[in-house]
Amino acid sequence: VKMAALLFVACILLLGILALAVRIVRLQKQRMTIAELESLVTATETNRSIKTISVLGSGGHTSEMIQLLRAFDNQLQPLHYVVAQTDDMSTLKAEQFDKTCQSSNRLHTIPRAREVGQSYSSSIVTTLHAIVKAMRLVVALSPDLVLVNGPGSCIPVCFWACFLKIVGASKCRIVYVESICRVTSLSLSAKLLKPFADVIVVQWQELKDLHPDTCFVGRLT
């Protein structure tokens with residue numbers, strides 16, 4: 001009886017894994033086309049709201065993201081910023097941007113997976129904390145679009161957004177915009193998010209030639 005029960009559980013798990021695999025393959029085939037991306041960038045669907053999560057980060061990521069959001073001219077609404085808890089500069093830039101465009105976007109914080117100089121052993125706990133916090137945030141917001149450009153905080157956010165798509169709980173689009181500084185190689189974040197993102201946008205034809213599965217749309221920032 002125990003053996004039969006174990007076999008039954010094993011079959012259920014196997015079927016579940018196969019179902020998820022089929023779902024992932026289908027999602028890969030349904031990745032955003034360049035026409036759909038251009039439609040999003042030019043905001044032709046202004047008749048409906050696009051609930052958006054935008055992940056900000058240090059090292060120039062926030063500055064480029066703010067320029068990108070400015071190009072959308074407040075058409076990605078409601079807009080939710082996500083920043084690391086200790087990233088005061090990104091928080092300040094987001095607040096300044098909101099004042100400039102007279103918006104009142106919401107700002108959410110998640111823990112950093114690892115602080116600069118933090119030991120790898122202690123970072124295991126902080127990474128798990130960040131993953132759980134990101135899960136709660138993505139589930140609660142249920143965004144239509146996750147727009148990122150590479151800060152470490154975007155990894156768990158994109159992972160959970162993709163997970164919700166896989167299980168059929170969301171139709172969220174994940175758009176990764178590579179930095180203008182990346183001319184001949186993708187960033188580590190872009191490489192990690194390739195399986196999860198609907199599209200990887202690059203701003204140089206040279207980078208597109210090296211990575212044909214990316215989307216080149218010219219300079220955005």
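# Worked exercises on a predicted protein model

P78 lies in the loop between helix 3 and strand 2 (79-84). Helices (H or I, at least four residues) and strands (E, at least two) are DSSP runs, numbered from the N terminus. This is a predicted model, where local features need pLDDT of at least 70, side-chain atom pairs count only at pLDDT 80 or more, and totals for chains, interfaces and linings use all residues. Residues are numbered from 1 along each chain as its sequence is written, and side-chain values use heavy atoms, with hydrogens and water left out.

**Exercise 1. Describe the peptide bond from Q77 to P78.**

Step 1. Take omega for this bond: its value is near -5°.
Step 2. Name the form: the bond is cis.

**Exercise 2. Give an overview of the protein chain.**

Step 1. Count the elements: the protein chain has eight helices and seven strands.
Step 2. Look at burial. Buried means under 20% relative accessible area, exposed over 50%, and partly exposed in between (1.4 Å probe, protein chains only). Of the 221 residues in the protein chain, 41% are buried.
Step 3. Turn to the surface. The protein chain exposes about 12,400 Å². Carbon and sulfur atoms supply 63% of that area. Accessible areas come from the Shrake-Rupley method with a 1.4 Å probe; for residues, only the protein chains shown count as cover.
Step 4. Check the contacts. Contact means heavy atoms within 4.5 Å. Among contacts with a separation of 6 or more, 69% join residues 24 or more positions apart.

**Exercise 3. Work out how helix 3 and helix 4 pack.**

Step 1. Locate the pair: helix 3 covers residues 61-72, and helix 4 covers residues 88-100.
Step 2. Read the geometry. The angle is about 20°, and the axes are 10 Å apart. Axes are lines fitted to C-alpha atoms, for helices over the stretch in contact, and angles run from 0 to 180 degrees between N-to-C directions.
Step 3. Classify the angle. Helix 3 is therefore roughly parallel to helix 4. Angles under 35 degrees count as roughly parallel, over 145 as roughly antiparallel, 65 to 115 as roughly perpendicular and the rest as oblique.
Step 4. List the residues that meet. Helix 3 brings T62, S63, I66, L69 and R70. Helix 4 brings S90, K93, A94 and F97.
Step 5. Sort them by class: four are nonpolar, three polar and two charged. Ala, Val, Leu, Ile, Met, Phe, Trp, Tyr, Cys and Pro count as nonpolar, Asp, Glu, Lys and Arg as charged, and the others, Gly among them, as polar.

**Exercise 4. Is T62 buried or exposed?**

Step 1. Place the residue: T62 is found in helix 3.
Step 2. Use the area: T62 counts as buried because its relative accessibility is 2%.
Step 3. Find its contacts. Leaving out residues up to four places away in sequence, T62 touches L56, G57, S90 and K93.
Step 4. Compare sequence with space. T62 and V83 are 21 residues apart in sequence, and their C-alpha atoms are 9.4 Å apart.

**Exercise 5. Trace the surroundings of C158.**

Step 1. Place the residue: C158 is in helix 6 (residues 154-166).
Step 2. Judge burial: at 0% relative accessibility, C158 is buried.
Step 3. Find its contacts. Beyond neighbours within four places in sequence, C158 contacts V146, V148, I174, L193 and F196.
Step 4. Follow F196. C158 and F196 are 38 residues apart in sequence, yet 6.9 Å apart from C-alpha to C-alpha. F196 lies in the loop between helix 7 and strand 6 (199-202). With a relative accessible area of 26%, F196 is partly exposed.
Step 5. Close the triangle with I174. The C-alpha atoms of F196 and I174 are separated by 7.5 Å, with their positions 22 residues apart along the chain.

**Exercise 6. Where is S142 found?**

Step 1. Find the loop: S142 is between helix 5 (120-141) and strand 4 (145-148).
Step 2. Read phi: the value is near 45°, positive in a residue other than glycine.
Step 3. Judge exposure: S142 is partly exposed, at 38% relative accessibility.
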